[in-house]
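Work through the exercises below with the sequence and the coordinates side by side, and compare each result with the worked solution that follows it.

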Amino acid sequence: IAGTLRSVISTIVTVDFFVVCALLVWFLTGIFASAVLDNDAIQIAFNGIFESVVQPALGILMIAALAGAVVGDEEGKEAL
């Protein structure tokens with residue numbers, strides 16, 4: 001059951017990573033459109049979902065990175 005749980009968490013983190021990458025592209029596109037094209041619509045749309053979508057996605061990724069570091073340290077100790 002531990003292997004299944006690890007696989008599910010790994011899948012969630014992988015999907016979350018690509019969601020965060022897509023959000024980064026959206027953010028950079030908004031900055032480009034705002035600076036070069038003088039159109040703030042993309043950036044305003046991104047700002048509208050920042051608290052409800054972007055922050056939780058980043059939080060999941062950071063928590064997973066910390067958990068991975070802790071679990072990795074514990075596995076390294078068991079191997080010794």
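**Exercise 1.** Identify which residues form the largest nonpolar core of this predicted model, and assign them to elements of secondary structure.

*Solution.* Begin with the members of the largest nonpolar core, which are the 5 residues Val-20, Leu-23, Phe-46, Val-54 and Ala-57. Next, place them on the elements: α1 (2–36) and α2 (41–79) each give two or more residues to this core, and the largest share, 3 residues, comes from α2. Finally, set this beside the inventory of the protein, which has 2 helices and 0 strands, and in which 11% of the 80 residues count as buried.

**Exercise 2.** Determine which residues Leu-23 touches, leaving aside residues up to four places away in sequence.

*Solution.* With those neighbors set aside, Leu-23 touches Phe-46, Ile-49, Val-53, Val-54 and Ala-57. Then widen the view to the protein, where, among contacts between residues at least 6 apart in sequence, 48% join residues at least 24 apart.

**Exercise 3.** Describe the largest pocket by its volume, its lining residues and their chemical character.

*Solution.* The volume comes to about 240 Å³. The lining consists of Arg-6, Ile-9, Ser-10, Val-13, Thr-14, Ala-64, Ala-67, Gly-68 and Val-71; α1 and α2 each supply at least two of these residues, with α1 giving the most, 5 residues. Sorted by character, the lining divides into 5 nonpolar, 3 polar and 1 charged.

**Exercise 4.** State how much area the protein exposes, and what share carbon and sulfur atoms supply.

*Solution.* The exposed area is about 6,000 Å², of which carbon and sulfur atoms supply 72%.

Conventions: Residues are numbered from 1 along each chain as its sequence is written. This is a predicted model: local features need pLDDT of at least 70, side-chain atom pairs count only at pLDDT 80 or more; totals for chains, interfaces and linings use all residues. Side-chain values use heavy atoms; hydrogens and water are left out. A nonpolar core is a set of buried Ala, Val, Leu, Ile, Met, Phe, Trp, Tyr and Cys residues joined through side-chain atoms within 4.5 Å. Buried means under 20% relative accessible area, exposed over 50%, partly exposed in between (1.4 Å probe, protein chains only). Helices (H or I, at least four residues) and strands (E, at least two) are DSSP runs, numbered from the N terminus. Contact means heavy atoms within 4.5 Å. Accessible areas come from the Shrake-Rupley method with a 1.4 Å probe; for residues, only the protein chains shown count as cover. On a 1 Å grid over the protein atoms alone, a cavity is a set of points where a 1.4 Å probe fits but cannot get out, and a pocket is an open set with protein on both sides within 12 Å along at least five of seven lines; lining residues have an atom within 4 Å of a point. Grid points are joined across faces, edges and corners, and a volume is the space filled by probe spheres set on the points. Ala, Val, Leu, Ile, Met, Phe, Trp, Tyr, Cys and Pro count as nonpolar, Asp, Glu, Lys and Arg as charged, and the others, Gly among them, as polar.
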